[in-house]
Amino acid sequence: PGRVSVAAVLPAGGSGERLGGATPKQFCAVQGRPLVSYAVRAMERIRWISDIVVVVSPDNIRTMKTIIEKYGHKRVVVVEGGITRHRSIFNGLKVFAEKEFSRHPLQKPEVVIIHDAVRPFVEEDILSKVVMAAKERGAAGAIRPLVSTVVASAADGCLDHSLERARYRASEMPQAFLFDIIYEAYQQCTDYDLDYGTECLHLALKYCKTNAKLIEGTADLWKVTYKRDLYAAESIIKDNLSQEVRVITDVKETVAPIGFLLSESLESQIKVEAVSISQSKNDSHLQNILSGQCYNFVCVNDKKCVIQETQQLVDMLEKSDVPLLYPVVLIAVHLDISENNSFSIGIEELASIKKFAREMKKKNILVYGLLIQYK
C-alpha cells in the first residue's frame, strides 16, 4: 500500500432507526467515546492512508467537527451527506474530483477505501488486502460466511425457496476501488440506484464491468446495528485494552531480576513487553514503547523519590494522544531493599503521592502505588 496513493471515505449519515433512541448510532458513546471516533482512529493510525473523508448529515456536521477536535483526529475532512447511502458516498468522492464541491480539493488517490463509520474494529491487514486487490482488479471487498440461511417467501407468506448457504457470502466492509472506476460508476448510475441501492461493488460491476475480488474477512468486521451491538463493542474494547502491559524496570543491577519476575509471571496470561531503563541508559527505548497503543504500565523502581521516577513516563504519556482515547493504568511499584523492615515511605510522601494521583486522574491517567519490602 505504501506505493499506492490511498484515501478513505467513511459514510456516517445514517439515522440509526433500528438502534432506537434519538442519537444516531455513529454518535453513540462506547466507553465514553463516540463510535465514529473509533472508526476514524482505525484509519488514522495507518500511515499510508493520506486523507479520511467522513460524510455526515447536515444536522451532524458541527457534532462531527467537535469530535475531531476533542479526540485530536488528523487528516480528516467532514463532508455533507445526501439523503441516501449512495448519495452520501458520491458526495465523499466528489471532494477528490470536483473543485466546485470543495473549497480545498484533496489530492485524487489511486485507490479509495469505503468503510462504514459503525464498523470500529477494522485492522490494517484486511485494509491492505482489499487495497492491493483493488489495485490489481479495480475493485475488492471483504466477505464473511452467512450466519443464517436466506429464504424467499411466496405471495401468501409461505416459504417459496431457500438459498444454499454454503454457496453464498455476506458482503461486508471495507471495500476498495480504483478511484476512477468507482467515481465513473457513480456518475453513470441511475437515480434509482442512488436512492435504493446499497452495494458499491455492484455499481462497479454494473457500470464499469469490474468484477470485484472478494477477500475473506475476520469475525470482527461486524456492523453496529442494534442497541445490543453497542454493549458487544464495549466488551471487545475492554477486552482488547486488558490484553497488553508494558513493564518498565529501573532498579540497581544487583536486584534487576526482581523487576522481571513480574513479566515472566504475566506472560502466560497476556502480552508483556519489558524494558530496563537502567540498562538502556536513555529514554529512546521508552519512547519507542510508548509509540504503540498500550494502556497498561507497571514501573518498578528502588529509588527514594517515587513520584519523580514515575513523572518521566507520565510526561511522555501526556505528549502522546494515548490518554485521549482511553484511560491509562499506571502502577508504580517501589522496591524497598533497605535492611530494616520499617515503612520506608513517610506520611508526607504518601500524601504527595495521593495528590499526584488525583492530578493525573484529571488527565485520564490512573496512577496506583505498590510498596514491596524485599530482603
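The exercises below, each with a worked solution, concern a predicted model.

**Exercise 1. The sheet and its edges**

Determine the strand order of the open sheet, and explain why strand 5 and strand 11 each have one side without a neighbour in the sheet.

*Solution.* Begin with the order of the seven strands, which is 5-4-1-6-10-7-11, in an open sheet with mixed pairing. Strand 5 (76-80) and strand 11 (213-216) stand at the edges with a single partner strand each, and therefore one side of each has no neighbour in the sheet. From one strand to the next, the twist averages 25 degrees.

Next, take one pairing in detail: strand 1 (residues 6-11) and strand 4 (residues 49-56) run in the parallel sense and are joined over six bridges, with Ile49 of strand 4 serving as the bridge partner of Val6.

Finally, add the helices that meet the sheet. Helix 2 (residues 61-70) packs on the sheet and touches strand 4 and strand 5, its direction making about 175 degrees with that of strand 5. Helix 7 (residues 200-208) lies across strand 6 (111-114), strand 7 (139-145), strand 10 (169-178) and strand 11, and runs at about 60 degrees to strand 10.

**Exercise 2. Two polar residues**

Decide whether Arg41 is buried or exposed, do likewise for Gln175, and list the contacts of Arg41 and of Gln175.

*Solution.* Arg41 belongs to helix 1 (residues 35-44). Its relative accessibility is 14%, and because buried means under 20%, Arg41 counts as buried. Once neighbours within four places in sequence are left aside, its contacts are Arg33, His73, Gln293, Asp321 and Leu325.

Gln175, by contrast, is located in strand 10. With a relative accessible area of 1%, Gln175 is buried. Its side chain is joined to that of Ser171 by a polar contact of 3.3 Å. When residues up to four places away in sequence are not counted, Gln175 touches Val112, Ile113, Ile114, Ala140, Gly141, Glu199, Cys200 and Leu201.

**Exercise 3. The faces of helix 14**

Compare the span of helix 14 with the expected value, and work out why its buried residues line one face.

*Solution.* Helix 14 (residues 347-361) has 15 residues and reaches 21 Å from its first C-alpha to its last, which is close to the 21 Å expected at 1.5 Å a residue. The buried residues in this helix are Ile353, Phe356, Ala357 and Met360. Seen down the axis of helix 14, these buried residues fall within an arc of 100 degrees, so they line one face of the helix. Turned away from that buried side is a face carrying the exposed residues Ile347, Glu348, Lys354, Lys355 and Arg358.

Technical notes
Residues are numbered from 1 along each chain as its sequence is written. This is a predicted model: local features need pLDDT of at least 70, side-chain atom pairs count only at pLDDT 80 or more; totals for chains, interfaces and linings use all residues. Side-chain values use heavy atoms; hydrogens and water are left out. Two strands pair if DSSP finds at least two bridges between them. Helices (H or I, at least four residues) and strands (E, at least two) are DSSP runs, numbered from the N terminus. Axes are lines fitted to C-alpha atoms, for helices over the stretch in contact, and angles run from 0 to 180 degrees between N-to-C directions. Contact means heavy atoms within 4.5 Å. Buried means under 20% relative accessible area, exposed over 50%, partly exposed in between (1.4 Å probe, protein chains only). The expected span of a helix is 1.5 Å times one less than its number of residues. The arc is that of the directions from the helix axis to the C-beta atoms. A polar contact is a pair of N or O atoms within 3.5 Å; within protein, one must be able to donate a hydrogen and the other to accept it, and residues adjacent in sequence count only if both atoms are side-chain atoms.
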